[in-house]
Amino acid sequence: MRLPTKQLINKIENLSNGLTPEQLSNFLDIIDAMTALVEEAGELKSDSDTKNNIPSTELSVFH
């Protein structure tokens, strides 16, 4: 499920309001880790897209 950014922020704020400081710290650590995963996935996709767009240098010979 993908939420619009504003709605996602509101849900995160509402959830974090009821957390203790320790829980909030753990929650923010999870958010940071998820952000890093998303960035890494974007880099992997970008690398994959770049590799797929490189013209092949192989030669085909038909007889």
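Begin with the whole protein chain shown as a surface: about 6,200 Å² is exposed, and carbon and sulfur atoms supply 58% of that area. The model is a predicted one. Of the 63 residues in the protein chain, 3% count as buried.

Next, switch to a cartoon representation. The protein chain contains two helices and zero strands. Select residues 5-17 to display helix H1, then residues 21-52 to display helix H2.

Within helix H1, select Ser 16. Is Ser 16 buried or exposed? Ser 16 counts as buried because its relative accessibility is 18%, and the buried class covers values under 20%. To see what surrounds this residue, add Leu 24 and Phe 27 to the selection; Ser 16 is in contact with both, once its neighbours within four places in sequence are left aside.

Now move to helix H2 and select Glu 39, which lies in that helix. Glu 39 has a relative accessibility of 51% and therefore counts as exposed, since the exposed class covers values over 50%.

Which residues gather with Glu 39 in a patch of negative charge? Extend the selection to Glu 40, Glu 43 and Asp 47: together with Glu 39, these residues form a negatively charged patch on the surface.

As a final view, display the two selections together: Ser 16 of helix H1, which counts as buried, and Glu 39 of helix H2, which counts as exposed.

Note on methods. Residues numbered from 1 in each chain as written. Predicted model: local features only at pLDDT ≥ 70, side-chain atom pairs only at ≥ 80, totals over all residues. Heavy atoms only, no water. Patch = residues over 30% accessible without salt bridge, like charges linked within 9 Å, V, L, I, M, F, W, Y side chains within 5 Å. Areas by Shrake-Rupley, 256 points an atom, 1.4 Å probe, with all protein chains shown as cover. Salt bridge = Lys/Arg side-chain N within 4 Å of Asp/Glu carboxyl O. Lys, Arg positive; Asp, Glu negative; His and termini not counted. Charge placed at Lys NZ, Arg CZ, Asp CG, Glu CD. Helix = DSSP H or I, 4+ residues; strand = E, 2+ residues; numbered from the N terminus. Buried < 20%, exposed > 50% of the residue type's maximum accessible area, 1.4 Å probe, protein only. Contact = heavy atoms within 4.5 Å.
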